Amino acid sequence: MATIKGEIHMAVVLSGIGGFLPPRVVTNDDLSATLDTNDEWIRTRTGISERRVVSDGLSTGTLAVEAGARALRSAGVSGVDTVVVATTSPDRLCPAVAPEVASRLGMGPVAAFDLTSACSGFLYGLAASAGLIASGTAESVLFIGSEAFTTLVNQRDRGTAPIFGDGAGAVVLRRGEDDEPGALGPFDLGSDGSLADLLAIPAGGSRQRSADASLGHDSVPTEDWYLRMEGRPLYTQAVERMTQSAQAVLKRTAWSVADVDWFVGHQANVRIVRAVAEELEVPMERVAVNIDRVGNTLSASVPLLLNDIAASGDLKPGDRVLLSAFGAGLSWGSTALVWPDIRAEHVN
Ligand code: COA
């Protein structure tokens, strides 16, 4: 278990935001037509009523392009010199999706790469992107969390199928001043790989490749191509890790809990977000939630939620925001910022 407590000395400012959801809506009732589940169980146990799912050729890359274009528009810029995509459901195992996203956004030969950190991908990617700017390697970064993760979830497994949804959220980052609204605060990042098996897709990687009998490979059971999740221990870990990580950031910002206008936590389960807020003693009216409409969208979760509350006008320029996420790895991360005066478009 390791925790990095990095400080960004050159200020890095969030200057644009955008989101995109695939149009196909899958309600809890739709799921219960083919799965042994029901709307009441899913809503009361997770807070989810419906989620969006890719169809008609949409994939992580296409969602990322749409969200990225909106974030660039919000920032009022046509290009950046680096594109980073956080995803755990890339279009292909090779190559990374970010170069193609950059090309399709008309960026030219910019730096572009993917980063994998499941549901904490947005916090890790934000820290990595900010680090590129702080080190002088990049001037500005388009950072996108994009997922078509439902393609990796076994739609016959009632333990996981109701939980996940697809979507993308993006931000533009640039160099700025410490006291400027949008300046990213300290980061707290951590992991515990000894619990990696609590949330994992066994096959498809180098440990368990595709079955090719002619090469002497063992056959791979169909279930191994899909996500396996142990919900209960993950729930406990999520509450503990997000709470500790958010507290670590709070301590280093010198904000008190009363200063926090919005707690924006990764949307894995509304009960997890509320439990973390309770531990932090953040009042529930300051806890942002959109899981009811989108489910768990992994690395897209936090930026989609920020975009939602900014577009609705609930999140206002000057508001103090505490961000925290937790996911497979296990991995987690948190940061804080004062919300800048930027435009956010409603997500379809
Ligand atoms: N519909 C109906 N019943 C279901 C069901 C479904 N979709 N899924 C499970 N059940 C049943 C179980 O079989 C079990 O029945 P039993 O008591 O007869 O054995 C019962 O509901 C309770 O199951 P359990 O898994 O203990 O429920 P839970 O309250 O822990 O909720 C999760 C399950 C997955 C919603 C919850 O554990 C969770 O959110 N965990 C964290 C997951 C997470 O964060 N994952 C991503 C990390 S980013």
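**Exercise 1. A threonine in a loop**

Task: Decide whether T87 is buried or exposed, and find what its side chain meets.

Solution.
Step 1. T87 has 2% relative accessibility. The cut-off for buried is under 20%, so T87 counts as buried. The model is a predicted one.
Step 2. Place the residue. T87 sits in the loop between β5 (82–86) and α4 (98–104).
Step 3. List the neighbours. Leaving out residues up to four places away in sequence, T87 touches T60, V97, D114, L115, T116, S146, E147 and S299.
Step 4. Look for a polar partner. A polar atom of the T87 side chain lies 2.7 Å from the backbone oxygen of S146.

**Exercise 2. Two domains and their interface**

Task: Work out how domain 1 and domain 2 are divided along the chain, and describe the area buried between them.

Solution.
Step 1. Set the bounds. Domain 1 covers 8–175, and domain 2 covers 187–195 + 227–338.
Step 2. Take the centres over C-alpha atoms. They are 16 Å apart. Domain 1 brings 46 residues to the contact and domain 2 brings 38 residues.
Step 3. Turn to area. About 3100 Å² is buried between domain 1 and domain 2, and carbon and sulfur atoms give 70% of it. On the domain 1 side, C119, L123 and Y124 lose the most area to domain 2, together 21% of what that side buries.
Step 4. Check the charges. The interface of domain 1 and domain 2 has 0 salt bridges. Polar contact is found in 14 residue pairs between the two domains.
Step 5. Name the elements. On the side of domain 1 that touches domain 2, those giving two or more residues are β2, α2 (39–46), β4 (50–52), α5 (121–134), β7 (140–147) and β8. Of these, α5 gives the most, with 7 residues.

**Exercise 3. Inside helix α5**

Task: Find which residues I133 touches.

Solution.
Step 1. I133 lies in helix α5. Its relative accessibility is 0%, so I133 counts as buried.
Step 2. Residues up to four places away in sequence are left out. I133 then touches M10, V12, A138, E139, S140, V141, L173, R174 and R175.
Step 3. Take M10 from that list. I133 and M10 are 123 residues apart along the chain, yet their C-alpha atoms are separated by 8.0 Å.

**Exercise 4. Two enclosed strands**

Task: Explain why strands β2 and β13 are described as largely enclosed.

Solution.
Step 1. Count for β2 (residues 12–20). Buried residues number 9 of the 9, so β2 is largely enclosed by the rest of the structure.
Step 2. Find its partner. β2 runs antiparallel to strand β8 (residues 167–175), with 8 bridges joining them. F20 has A168 as its bridge partner in β8.
Step 3. Count for β13 (residues 320–327). Here 7 of the 8 residues are buried, so this strand too is largely enclosed by the rest of the structure.
Step 4. Find the partners of β13. Strand β12 (residues 262–265) pairs with β13 in the parallel sense over 4 bridges. V264 is matched with L323 in β13. Strand β14 (residues 331–338) runs antiparallel to β13, joined by 8 bridges. F326 is matched with W332 in β14.
Step 5. Close the turn. β13 and β14 form a hairpin with 3 residues between them, and G329 in the turn has a positive phi of about 140°.

**Exercise 5. Salt bridges across the sequence**

Task: The structure holds 12 salt bridges. Which parts of the chain does the pair E345 and R73 tie together? What about R241 and D192?

Solution.
Step 1. The closest N and O atoms of E345 and R73 are 2.9 Å apart. E345 is in the segment after β14 and R73 is in helix α3 (residues 60–75), so the pair ties together parts 272 residues apart in sequence. E345 is partly exposed at 24% relative accessible area. R73 is also partly exposed, at 44%.
Step 2. R241 and D192 have their closest N and O atoms 3.9 Å apart. R241 is in helix α6 (residues 231–253) and D192 is in the loop between β9 (188–191) and β10 (199–200), so this pair ties together parts 49 residues apart in sequence. R241 is buried at 12% relative accessible area, and D192 is buried at 11%.
Step 3. Add a network. Salt bridges link R92, E100 and R104.

Technical notes:
Residues are numbered from 1 along each chain as its sequence is written. This is a predicted model: local features need pLDDT of at least 70, side-chain atom pairs count only at pLDDT 80 or more; totals for chains, interfaces and linings use all residues. Side-chain values use heavy atoms; hydrogens and water are left out. Buried means under 20% relative accessible area, exposed over 50%, partly exposed in between (1.4 Å probe, protein chains only). Two strands pair if DSSP finds at least two bridges between them. Domain bounds come from an automatic or database domain assignment. Contact means heavy atoms within 4.5 Å. Buried area is the accessible area (1.4 Å probe) that two parts lose on being put together, summed over both. A salt bridge is a side-chain nitrogen of Lys or Arg within 4 Å of a carboxyl oxygen of Asp or Glu. A polar contact is a pair of N or O atoms within 3.5 Å; within protein, one must be able to donate a hydrogen and the other to accept it, and residues adjacent in sequence count only if both atoms are side-chain atoms.
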